[in-house]
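Me: I am new to this structure and would like a close look at a single part. Please start with the last long helix and what it touches, then show me how the rest is arranged around that.

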Amino acid sequence: MDDLAHEERAESSREGTGLCLSGGGYRAMLFHAGTLQRLNDAGRLRKIDFLSSVSGGSIAAGVLGRYWSRLRFDDEGNSAVNFNVEVVDRIRALADLTLDQRSVVGGLFRPRVSVGERVAAEFRDNVFGDFTLQDLPEHPRFIITATNLQTGKLWRFSRPYMWDWTLPKIEFPTTSLATAVAASSAFPPFLSPVNMPIDPSEWINPPGAKAELPDHVVLSDGGVYDNLGLEPVIKRCETVLVSDGGGLMERTMVIHRDWPRHLLRVLDVIDNQVRSLRKRSLISSYEDGSLNGAYWGIRSDIEKYRAPKAFSVSPDLTQDLAKIPTRLRALPDRTQEQLINWGYAICDAGIRSWVDDTIEAPTSLPYPQSGLMSQA
């Protein structure tokens, strides 16, 4: 496949499969870990051509990209037999750490180092090391998204290039994976922005370019622009799979008037509305046949998928999981396991209902001891 951005492709030229991992902090990261585990078990992970990620989804995608070369696939070449050790266990190790609070507190004592830079340092120290975008695999193509606050467009980090469509490309960037993931997960107002210096010589400046090119970009959470991560794949892929770990915005009759809490509530409403519009448009595309694929979310009702032998799930429990705050805050083992179980179960229902009904139903959840039923 060529490197044309989705804006430059006609729908008739769609090919391949794209997987989108939404934002949502550690909640989404763990939910997507279950999605990735189910796709691996079903022999479909290796068939992904493009993996587009946002925020918490980018943490999960980053771990997968970082350790992709270590995966050992079975004799048929479909499923990685060491997937849990190389990917799921490493994601869970991150979920044992509280990164956002200590980054914010640390920033108070070192004001010259932004909170976003401190988060990048935490990612570098705890999981990604000195791994760069050039160390990602050629296939699947990993696309980690952030929002360029200067242009208001989606910024893409990938192995072949990074850019937003209003600017020239930077080809074969050597940006660290830790920086890319930190920018993608820099949700406002506390972890945003990430200031990324750009050497002016790195821009591929096309003839006739009129605007002066910046010597840095100011990036925020990819979810500010597109919390589902759809834009990089929606017009270039024939099949689009979407795993949505976005949380539940609760109704409340108490609206705070102090500007910090009031602003947070306004941001929640905006995010919820934009995500809902993108979701409705996506599902309409599935229903009218203009797009192949499946959507599943942390707030989905598994019974509506009508997949044979789907897992029994407590709706009360899954709604409680959806209410976990969008944070990079350590989560208890049982909560981690239930989030992974839920991502695994609803992904299974989604792909067997909408993508391939010949896939064999799994016999157990990744963590059967934690289940998906309420304790009450």
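Reply: What follows starts at one helix and then moves outward through the chain.

The model is predicted. A little background comes first. The chain has 376 residues, and buried ones make up 56% of them. Its secondary structure comes to 10 helices and 10 strands. About 16900 Å² of the chain is exposed, with carbon and sulfur atoms supplying 50% of that area. Take the contacts between residues at least 6 apart in sequence: 74% of them join residues at least 24 apart.

Now the helix. Helix H10 covers 333–354, and Ser-370 is found in the segment after it. Is Ser-370 buried or exposed? Its relative accessible area is 5%. The limit for buried is under 20%, so Ser-370 is buried. What does Ser-370 touch, leaving aside its neighbours within four places in sequence? Its contacts are Arg-334, Glu-337, Gln-338 and Asn-341.

Glu-337 leads on to another helix. Side chains of opposite charge can pair when their charged atoms come close. The side chain of Glu-337 meets that of Arg-92 in a salt bridge, at 3.3 Å from N to O. Arg-92 belongs to helix H3 (residues 83–95) and Glu-337 to helix H10, so this pair ties together parts that lie 245 residues apart in sequence. Both ends are hidden: Arg-92 is buried, and Glu-337 is buried too.

Further along helix H10 sits a second pair. Asp-348 and Arg-352 form a salt bridge through their side chains, 2.9 Å from N to O. Both residues lie in H10, 4 residues apart, which is about one turn of the helix. How accessible are they? Asp-348 has a relative accessible area of 0%, so it is buried. Arg-352 has 6% relative accessibility, so it also counts as buried. Their bridge is part of a network: salt bridges that share partners join Arg-38, Asp-348 and Arg-352.

How many salt bridges does the count give? The count comes to 9. One of them is away from helix H10. There the side chains of Glu-231 and Arg-156 meet, at 3.5 Å from N to O. Glu-231 is in the loop between helix H7 (223–226) and strand E9 (239–244), while Arg-156 is in strand E4 (residues 153–157), so the pair ties together parts 75 residues apart in sequence. Glu-231 and Arg-156 are both buried.

Two strand residues come next. Asn-148 has its place in strand E3 (residues 141–148). Its relative accessibility is 0%, so Asn-148 counts as buried. Leaving aside neighbours within four places in sequence, Asn-148 is in contact with Lys-153, Trp-155, Asp-164, Leu-167, Val-217, Val-218 and Leu-219. Pro-193 is 45 residues from Asn-148 in sequence, and the two are 9.5 Å apart in space, C-alpha to C-alpha.

Val-217, one of those contacts, also helps to place Trp-163. Trp-163 and Val-217 are 54 residues apart in sequence and 9.9 Å apart in space, C-alpha to C-alpha. Trp-163 is in strand E5 (residues 161–163). At 5% relative accessibility, Trp-163 is buried.

Last come the empty spaces. Rolling a probe the size of a water molecule over the atoms shows where empty space is left. How many cavities of 30 Å³ or more are there? The count is 2. The second largest cavity holds about 40 Å³ of space. Its lining consists of Tyr-26, Arg-27, Ile-324, Pro-325, Arg-327, Arg-329 and Leu-331. By class, that lining has 4 nonpolar and 3 charged residues, with no polar ones.

There are pockets as well. The second largest pocket holds about 320 Å³ of space. It is lined by 16 residues, and the closest to its centre are Ile-283, Tyr-295, Ser-300, Lys-304 and Tyr-305. Helix H8 (259–287) and strand E10 (292–297) are the elements that give two or more residues to this lining. H8 gives the most, with 4 residues. Sorted by class, the lining of the second largest pocket has 7 nonpolar, 3 polar and 6 charged residues.

Back to the starting point. Glu-337 is in contact with Ser-370 and shares a salt bridge with Arg-92. Further along, Asp-348 and Arg-352 pair within helix H10.

How values were computed: Residues numbered from 1 in each chain as written. Predicted model: local features only at pLDDT ≥ 70, side-chain atom pairs only at ≥ 80, totals over all residues. Heavy atoms only, no water. Buried < 20%, exposed > 50% of the residue type's maximum accessible area, 1.4 Å probe, protein only. Contact = heavy atoms within 4.5 Å. Salt bridge = Lys/Arg side-chain N within 4 Å of Asp/Glu carboxyl O. 1 Å grid on protein atoms, 1.4 Å probe; cavity = no way out; pocket = protein on both sides within 12 Å on 5 of 7 lines; lining within 4 Å. Points joined across faces, edges and corners; volume = space filled by probe spheres on them. Nonpolar A, V, L, I, M, F, W, Y, C, P; charged D, E, K, R; others polar. Areas by Shrake-Rupley, 256 points an atom, 1.4 Å probe, with all protein chains shown as cover.
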